[in-house]
Each structure stands twice: as structure tokens, then as C-alpha cells.
Amino acid sequence: MIEKSWLIPLLPFLGFLVNALGIQQIPKKAAGIIGSTSVLFSFVLSLLVFFELKGSDAGAVTVKLFDWISVGSLHIPFSFYIDPLTCVWLLIITGIGFLIHVYSAGYMHDDEGFGKFFSYLNLFVFFMLLLVMGAGYLIMFIGWEGVGLCSYLLIGFWYKNDAYNDAAKKAFIMNRIGDLGFLLGVFLLIGTFGSTDFTEIFPQAAGFQSGDPRLLAITLCLFIGAVGKSAQLPLYTWLPDAMAGPTPVSALIHAATMVTAGIYMVARSNILYALSPVSMTVVAVTGLATAVFAALIAISQNDIKKVLAYSTVSQLGYMFLALGVGAFTGAVFHVMTHAFFKALLFLGAGSVIHALHNQQDMRRMGGLKKAMPITFATMLLATLAISGIPPFSGFFSKDEILAHAFFHEPLLWVIGFAAALLTAFYMFRMMFLTFWGEFRGTEQEKQHLHESPSTMTIPLIVLAVLSVIGGFLGLPEVMAHQAHLLGAYLAPVFAQSKEVLPAMHVSHSTEWLLMAISVLGVLGSIGIAWSMYVKKKTIPREESVRRTGLMALSYHKFYVDELYEAVVARPLNALSVFFYRIMDIRVIDGLVNGIGKTIVAFSSTLRLWQTGRIGSYLFYMVAGIILIFLLNYLIF
């Protein structure tokens, strides 16, 4: 089956083609079935590939499709690389992607662009699969750019709204900044290793000395690409604005595709980063700073999707922290558990928004747990998971990251722990404001409160089960004899970097102590949120009420958008206006138009000589002859 793995991305691509070409003819129901089943078949094929690879002795298989680029000594075939890391991502993309497709059939049922929406979703899945299956950085880059295009199409799906279009453009442009870094990294890889293929680069890289400046330059350039794609400081502002797109899109971007691309790329390049300690530090510090910064913003947001968006930015920061301290398996583990509970949270938020007729402000919600019991129960499980409550999945993956951070530098653990406390607070703040207390919406909305249809609730239930049990794939050694199944499965992928990096060693007593502190702290944060929003029934202030101090900074997102507007956007706009009014209109237009006007004026004057009268021509001729004689006499 591995030799036929090219079918995995091909099926969603065919789904895209069929739905795109038949937009006007294919009924909505058929478009939904085509879009969903194409991803379902890819998921089944991914499972077959997973089991075949697991049952074989081969750690990785390269599937060559055709010769692609041949320039001088550089030969780049179009190939897929199937190893345990690829398989994990294949299952996440196709499995979560399929559930999101099924959910979309119910959520987008009344939308006039139903078929177009499913064609875009299929295309998104296709490019993400291409990204993780590519046997080299160049094929990865095709998928990288493809998901950028699809995010632009889907974020701005409701294109008649200018604000949504601006959000789509913002995502597209900010990602291009990161993509430039990625592209420079690819050029450096070609210059250093003469190839872009993993199987040629990584064995060569293993022979480099730690701290080699070439590896430092390559890893930093690649990381710039990861910063843009995975929304880290300072290129994170596009992701919260990407909430403008339909909610299933948010779930797809945040859980199964796009934003995990940066994590995948760094994890795939683990040997390059393991040999670049400076880059590892940059990755860890950037991730940790992002985790705390985004969590501080999330605690004061009132749009339910914005809370989840900043939560994603923060959790991605955790994953980069893991990569930066050498916990590559921990990063992948958190990608997996995060995919379960974050997809569930977004789809649950979509269910709430669907019931409230597009109301997203949590100040207008409250008391929904009776009207929407399935949505409430599943979102509660996801919230417990992301908050790090045992035995839910997020507890194990987050604990693994914090344990590695403690081993690397205790200060990193302290800051990471602080971010975990903030996470528990803002997530339960969202739950309490949405599902507890009295309903604060309009009477009309209250009369129409209802649970979502089964096409939407079944994916919620499946994801809830995964959010609960998913963490058992990564049980720590201190808890189980056969510890960390996922770590054992991924061991061949990170074998080279494991030889370079120091092995983590934290005593069992210390690990138990860290876990106990973490759980008690999280329970304390939940208690504070309960006291504020359930016991005291605090409702966040309205927009018009002035905020001060840290609350104002948090509510206004630390004015980063305003800072970018003042430092980047306005100067560039002013420069553009200058070039338009001075250089374009006056200099270039003046020069071009001046030449044209001069020639026209000269021609007009010359035209007067062409009178058509023979007498005039004879006069000019005689005058010319006399002039020649005079000049000849005066000069010679």
C-alpha cells in the first residue's frame, strides 16, 4: 500500500476538481458527500499505510513518482517520504479533516456557496498532505504555499464583507514574510548539501560540528518560515483575524492543517536544529514568549472564537518550546492532542454560534448548557483537556513539555507553568460565560435555542472521546510500565538528534512533584474563574467602558496591531503615496507626457509648412537656395 500512497493526496484533489467544475450542477448533498468521502478514503488509506509501515522493518520508504527538476548537478525527483512522522500527520489531517467535512455539511447547509466551500476544503487538505508527504523541502514548499493560498480563499470565503477580505489579505501577506525566510533556507540547503531531499541532507548534516554557522543560518531561515505559518511572535496577528472565515475553516486551520506546518517542518529538520544550539534557544524563547503573550490576551477577549484563536497561538508556543528544548516527541504529542481538543472546541463554538444565529459575543450568551447538552458536555471535556486536568489528553502532552523545560532550565518551567494557569483561567471563563448563569441574549434568540443537528454533534462526540483517551498514547514512564507508545513509534525519526542532545533525566519524585504543583495550580485558576463568573456573576465590560492598566493592555491586545499600523503600514502607505504623486505622476508621467507633447507641438508647427500651395513651396525652395549661398559665402 505504501507504493500507492500517492492516492492519499490525489483523492481530495479529485474531490476539489469535481466540486469545482460542477458548482452549478451538483446538488448540495452530493457536493458534501463527494467532499467528505474523498477525505474519508484518504483516511482509510493512511491507516493502511500506517499499519504496513509499522509491521515492516523499514523505518522509512521513499516513493519516487517522476523526475521533476534537473539543472546541472542538481536533480530533484518528485517523491513522497513515508516514515512514522509522516504517518502521524497523515492520520491527523485526514481523520480530523474528515470530521470537519461532515460537520461542515450541517453548518454550511444554507450557504449559497456550499459546493465552492467543499472544493476549497478539499484543496486545503490536498496541499497539507503534499506538505507532509514531500520527500524534500521543495515539495514541502509547494504544499506550504498551497495551504497559504487556501487559507486566503477560505478566510475570505464570505467575500462580500470587506472586513473578511481584509483578514484574508492580512493572513496572505504576513505569511509571505515568513515564506521568504523558508525560501532562503531552501537556497542555503541547496548551496550547502547540493540537494533538497531529506535522505541526502540529514546523513550529511549528521557529520557537521555542533554550532556550524551554515546550519545556524539554515535553521534560522527555516524558523522564520515556521514563525509565519504557525503564528508566533511577531507574525501571529493574522491568526486571530482569520476567525472571519466560517467556523469549520477555523477548526481546520487551527487543528489539522496550516498552523501545525511550522511544527512539522522543525520536527522534520530535528538533526539540523539539534546541531544548532543557538537556533534551539531562539525556538524555545520565541515559543515560550508567544505562549504567555497570547494567553494574556485571551483572558480578556469576549468573542468566543477570538478566545480560542489566541489559545491556539499560545498552545503552538508550547509546541515550539518543546522543540527548542529538544522534546521533539513531546511537540508532536501535543500537536496530536491539541488537534483533538482544539477541533472540538472550535466546532463546539460553531454549534453555539449556529444556535444563536451568528452571535459570537459571550456577553450575549449564558445558560446554554440545558438547551445544548451535547455541545456543553463535549466542550467541557475539551476544556478540561486543554487546561491540563488528568487524565484528559492535554495533561500528558503538556506535562511532558513542562518536564523537559524543567530539565533544560527551571526558569522555563516557571514561565510555562504560568501560561498553563492562564490557559485554565481563560478557558473556564469562556465556559462559565457561555453555559452557566442566565441567558443574556434577546428573547427571540432564547426562543430558538436548540441543539445542533446530528451531522454537527456526532463529530463533536467522536472528538470528545479522542480528547479524553488520546493522552494514553503518551503516558510517562513514572505512570506506566510500557510508557509512551507514541515516543517508541517516533523513535527512529529522532534517533540522530537524540545522539546529539543530552538525555533528559528527572527523578520520579521530582516529576510527581511537578505534576502535583501543575494540577493544583490549574485547579486554583479554575476556582478563581468560577468565583468571578459563576459565584459573583461578573459580566465583562461593554466596549464603551474605559479600561485601565493591564486589563486595557490585554483587552486591546497590547496594541500590537496599532503598533504595526504606525510603524509599518502607515509609513509604507505614505511612501506609496509619495511615489504615486511625485515619482509616478510628476516625474515619470511628466517625462513621458512631456516628450509626447513636445513632439505633438513640433509636428503641429511642421504641419503648417505643408500648405499644398505650389507657390509657397517655390518660395521656400528659392529662400533655401539663397540661404545656402549666403552661408557658403560667409563661411568659406
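Of the 636 residues in this chain, 54% count as buried. The model is a predicted one, so please keep that in mind for what follows.

Overall layout, then. The chain has 26 helices and two strands. Along the principal axes, its C-alpha atoms fill a box of roughly 120 × 70 × 55 Å. If we take contacts with a separation of 6 or more, 81% are between residues 24 or more positions apart.

Now to the N-terminal end, and helix α1, residues 7–21. From first C-alpha to last, its 15 residues reach 21 Å, close to the 21 Å expected at 1.5 Å a residue. Which residues of α1 are buried? They are Ile8, Pro9, Pro12, Gly15, Phe16 and Asn19. Because these cover an arc of only 120° around the axis, they sit on the same side of α1. Their cover includes α2 (28–55), β2 (74–82), α3 and α4 (114–133).

Helix α3 comes up again in a second packing. It spans residues 84–107 and packs against α15, residues 328–355, with the axes 11 Å apart and an angle of about 5°. Angles under 35 degrees count as roughly parallel, so α3 is roughly parallel to α15.

On the α3 side, the residues in contact include Leu85, Trp89, Ile92, Ile96 and Tyr103. On the α15 side, among them are Val332, Met336, Phe340, Leu347 and His354. What is the make-up of this contact by class? There are 16 nonpolar and three polar residues, and no charged ones. The polar residues are Gly350, Ser351 and His354, all in α15.

That is what I have on these two helices.

Note on methods: Residues are numbered from 1 along each chain as its sequence is written. This is a predicted model: local features need pLDDT of at least 70, side-chain atom pairs count only at pLDDT 80 or more; totals for chains, interfaces and linings use all residues. Side-chain values use heavy atoms; hydrogens and water are left out. Axes are lines fitted to C-alpha atoms, for helices over the stretch in contact, and angles run from 0 to 180 degrees between N-to-C directions. Helices (H or I, at least four residues) and strands (E, at least two) are DSSP runs, numbered from the N terminus. Angles under 35 degrees count as roughly parallel, over 145 as roughly antiparallel, 65 to 115 as roughly perpendicular and the rest as oblique. Contact means heavy atoms within 4.5 Å. The expected span of a helix is 1.5 Å times one less than its number of residues. Buried means under 20% relative accessible area, exposed over 50%, partly exposed in between (1.4 Å probe, protein chains only). The arc is that of the directions from the helix axis to the C-beta atoms.
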